[in-house]
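Reader: I should be grateful for a close look at a single part of this structure, followed outward to whatever surrounds it.

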Amino acid sequence: MEFRVLKYFLMTARLGSMTKAAQSLHITQPTLSRQIAELEEETGVHLFERGSRRLVLTEEGHLLRRRAEEMMELMEKTEEELSSSEKN
């Protein structure tokens, strides 16, 4: 599981749309769709219920969203700490 793909997942979860998420991430919709499909294959679960106009997180999707947000916060905190230690 790559951080880049987790960022893609989080943006898709926040916006509820592959098209809007792809635009926000400056990637193509097919690329984003493929990355999410590969993440679902890697985790062995469906992360979204696909509606006619909107994506809705499954129970497993909600769990991954919480964990991915925690990981992103930890990554940002670590980068900040490393950056501040370089200044000392």
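Which residues does Ile36 touch, not counting residues up to four places away in sequence?

Author: The model is a predicted one, and what follows describes that prediction. Leaving out residues up to four places away in sequence, Ile36 touches Tyr8, Phe9, Thr12, Met18, Phe48 and Arg50.

Several of these names recur in the nonpolar core. The largest such core has 20 residues, and Ile36 is among those with the most contacts inside it, together with Phe9, Leu32, Leu39, Leu47, Phe48 and Leu64. At least two residues of this core are supplied by each of helix H1 (3-15), helix H2 (18-25), helix H3 (29-43), strand S2 (55-57) and helix H4 (59-87). The largest share, seven residues, comes from H1. In general terms, nonpolar side chains in soluble globular proteins tend to be buried together.

Arg50, another residue that Ile36 touches, leads to a charged pair. Arg50 forms a salt bridge with Glu40, with 3.2 Å between the closest N and O atoms. This pair links distant parts of the chain, since Arg50 belongs to strand S1 (residues 48-50) and Glu40 to helix H3, ten residues apart. The two partners differ in exposure: Glu40 is buried, at a relative accessible area of 10%, because the limit for a buried residue is under 20%. Arg50, in turn, counts as partly exposed at 46% relative accessibility.

A search of the whole structure finds four salt bridges, and two others may be set beside the one just described. Glu69 forms a salt bridge with Arg65, the closest N and O atoms again being 3.2 Å apart. Because Glu69 and Arg65 are four residues apart in helix H4, about one helical turn separates them. Both are partly exposed, Glu69 with a relative accessible area of 26% and Arg65 at 23% relative accessibility. In the other case, the side chains of Glu2 and Arg4 meet at 2.8 Å, N to O. Glu2 is partly exposed, with a relative accessible area of 46%, and so is Arg4, with 36%.

Thr12, also touched by Ile36, leads to the loop between H1 and H2, where Ser17 lies. Leaving aside neighbours within four places in sequence, Ser17 is in contact with Thr12 and Leu55. Ser17 is buried, with a relative accessible area of 15%. The side chain of Ser17 reaches the backbone nitrogen of Thr19 at 3.3 Å, and a polar atom of that side chain lies 3.1 Å from the backbone nitrogen of Lys20.

The loop between H2 and H3 holds His26. His26 is exposed, with a relative accessible area of 72%. Although not a glycine, His26 has a positive phi of about 60°. As a general matter, most residues other than glycine have a negative phi.

Finally, the surface also has a nonpolar feature. Met1, Phe3, Met71 and Met75 make a nonpolar surface patch of about 340 Å². Met71 is found in helix H4 and is partly exposed, with a relative accessible area of 31%.

Key
Residues numbered from 1 in each chain as written. Predicted model: local features only at pLDDT ≥ 70, side-chain atom pairs only at ≥ 80, totals over all residues. Heavy atoms only, no water. Core = buried A, V, L, I, M, F, W, Y, C linked by side-chain atoms within 4.5 Å. Buried < 20%, exposed > 50% of the residue type's maximum accessible area, 1.4 Å probe, protein only. Contact = heavy atoms within 4.5 Å. Patch = residues over 30% accessible without salt bridge, like charges linked within 9 Å, V, L, I, M, F, W, Y side chains within 5 Å. Areas by Shrake-Rupley, 256 points an atom, 1.4 Å probe, with all protein chains shown as cover. Polar contact = N/O pair within 3.5 Å; in protein donor to acceptor, adjacent residues only side chain to side chain.
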